[in-house]
Amino acid sequence: MRKIQKALMTGVSYMLPFIVLAGMTIALTGIVSTYFGVKIDFITKLNGFGWTVMGFIPPIFGAYVAYSLADKAGIAPGFIGGWIAANPILEGTKASGFLGALIAGILVGYLVNWLKKMPIPTVLESLKPTLIIPLVSGWIIFVLMAYPVGFFVGGIYTAIINFLLTLAAHPSSAILLGAILSAMCAFDMGGPLGKIAITFIFAVWADPSGLGFMANAAVFPGIMVPAISVGLASYIAPKKFTESERKSAPGAIITGLVGITEATLPYAFRDPIRVIGCNIIGSAVGGALMMAFKLATSGVSGVIGIPAANNPLLFTLAIAIGVAISTTLLVLTKKEASETISSEDSVNFDITF
Amino acid sequence: MKIVAVCACPTGVAHTYMAKKALENAAAKLGYNIKVEAQGALGIENEITIQEVKDADIVILAIEVAIAKRDRFVGKPTVNIPIQMAVRNADSILMQLAEKLSKLD
């Protein structure tokens, strides 16, 4: 388990600069083009570049999860597996995002280690690292990610969309629908579930009932609450966050405000159940409130989308209540960060050769 | 006792250097020779050479992530410790290590 934990942290470590670059680029260009109202070609290009960098996150993550487990030989197949997770290849499959990339990285790690140990004729031994391992591991991870993982995610995708459509057909379940949509975005922080919620919104976008704009409003808390809440909570209860988490807090709050949920990932990886759990609850309440207040918007991207809402004040309130709930829950439930262990803790370690 | 150590944490801005400092201070206090390599956000700093590994009695790996150039330490006596432990308990780690090594000899 410790090996997997270390692999995860290695992946996060190498992915962080990409999250920062992509998140901040998209955020700042979004603010410029919305509030200055001018169409500057360079800004549009820069924004597109931000999204391109965002697309690098799953492959880099997959590559370095595999690197941690299988060293250098893991990088290429891990990268490829992560790329397929972000870019589904076959008809009927869907992107599995960084969750898929994590699966790819771990699969590759064990696969490559196994290939390294596989006995082969001595004449071929020198071909092993240069030819056999890259080729065999690349092919296997292609098949696994493109077919079973891709179709599995594709199947779940369709099932969830159908479920949401049933909910949407009954006005009485609107509040539940809002809560679920918002929670989906909060759950995997820019991952496949959130993408399903967005796909659903576009599916009902032009619905004469106005459901599309309402569903769109409902996901705002799910997108914004997680990053803002972990950032705020690390100011309110600094002892419950590690030093690097506290240092990332301003960035997390800014990216959260502009609707980039990915900044929550490093926090969630260190303490998944509490961070994701608290964020889901606050986001679900926020999403439910959106539906309860009958709020709607055609805007996107966090605070930039607020002026487009039918009632910007109540809209902001629904998000703020979500943030307040998640932040409070985080402050209450999180344990002291492990760096505060007392110096009396006994040291137990073994010398290995 | 001659020690080489590598510190690396996920973000590579805080713990890596806190652990490096703590190990260096502890070694200075206890009179051991130590070289601590940091693998932080910018890459390898204060790199340990092959010769230094050869001369060392023990390798300490205070790492939470996979590190680069790990093959330098193959076959050397190595201890793996969580990086927080290096930050908090550097003194006691080095003392216990010295004790264990003297028993091995």
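This dialogue walks through a few features of a predicted model.

Student: Where should I begin with chain B, and how many helices and strands does it have?

Tutor: Begin with the inventory of elements. Chain B has 3 helices and 5 strands. Then read their order from the N terminus, which for chain B is β-α-β-β-α-β-β-α.

Student: What does the radius of gyration of chain B say about its shape?

Tutor: The general idea is to set the value beside the one expected for a compact globule with that number of residues. For 105 residues the expected value is near 13 Å, and chain B has 13 Å, so the two agree. The extents add some detail: along its principal axes, the C-alpha trace of chain B spans about 35 × 25 × 20 Å.

Student: What share of the residues in chain B is buried?

Tutor: Of the 105 residues in chain B, 46% are buried. Contacts can be read in a similar way, by asking how far apart in sequence the partners are. Among contacts in chain B between residues at least 6 apart in sequence, 62% join residues at least 24 apart.

Student: Is Met85(B) buried or exposed?

Tutor: A residue counts as buried if 20 or more other C-beta atoms lie within 10 Å of its own. Met85(B) has 20 C-beta neighbours inside 10 Å, so Met85(B) is buried. The residue sits in helix 3 of chain B. Distance in sequence and distance in space are separate readings: Met85(B) and Glu24(B) are 61 residues apart in sequence, and their C-alpha atoms are 14 Å apart.

Student: How many residues does each chain give to the contact between chain A and chain B?

Tutor: Count each side separately. Chain B gives 24 residues and chain A gives 21 residues. On the side of chain B, the elements that give two or more residues are strand 5 (78–80) and helix 3 (83–104). Helix 3 of chain B gives the most, with 9 residues. By class, this side of chain B has 11 nonpolar, 10 polar and 3 charged residues.

Student: In which sense do strand 1 of chain A and strand 5 of chain B pair?

Tutor: For a strand pair, read the direction and then the bridges. Strand 1 (residues 351–352) of chain A pairs with strand 5 of chain B in the antiparallel sense, over 2 bridges. As one case, Ile351(A) has Val79(B) as its bridge partner in strand 5 of chain B.

Student: Which domains does the assignment give for chain A?

Tutor: The assignment gives domain 1 (1–155) and domain 2 (170–336). The C-alpha centres of these two domains of chain A lie 26 Å apart. Their contact takes 19 residues from domain 1 and 16 residues from domain 2. On the side of domain 1, helix 1 (2–35) and helix 4 (97–117) of chain A each supply at least two residues. Helix 1 of chain A gives the most to that side, with 12 residues. The residues of that side divide into 13 nonpolar, 5 polar and 1 charged.

Student: Which residues of helix 10 of chain A are buried?

Tutor: An α-helix has 3.6 residues a turn, so residues three or four places apart point the same way. In helix 10 (residues 249–257) of chain A, the buried residues are Ala249(A), Ala252(A), Ile254(A), Thr255(A) and Gly256(A). They pack against helix 1, helix 8 (211–236) and helix 9 (243–247) of chain A.

Student: Which residue just after helix 10 of chain A takes a positive phi?

Tutor: That residue is Gly259(A), with a phi of about 85°.

Technical notes
Residues are numbered from 1 along each chain as its sequence is written. Chains are lettered from A and ligands numbered from 1 in the order in which they are written. This is a predicted model: local features need pLDDT of at least 70, side-chain atom pairs count only at pLDDT 80 or more; totals for chains, interfaces and linings use all residues. Two residues are in contact if their C-beta atoms, placed from the backbone, lie within 7 Å. Helices (H or I, at least four residues) and strands (E, at least two) are DSSP runs, numbered from the N terminus. Ala, Val, Leu, Ile, Met, Phe, Trp, Tyr, Cys and Pro count as nonpolar, Asp, Glu, Lys and Arg as charged, and the others, Gly among them, as polar. Two strands pair if DSSP finds at least two bridges between them. Domain bounds come from an automatic or database domain assignment. The radius of gyration is taken over C-alpha atoms; the globule rule is 2.2 Å times the number of residues to the power 0.38. A residue is buried if 20 or more other C-beta atoms lie within 10 Å of its own, exposed if 12 or fewer, and partly exposed in between; C-beta atoms are placed from the backbone.
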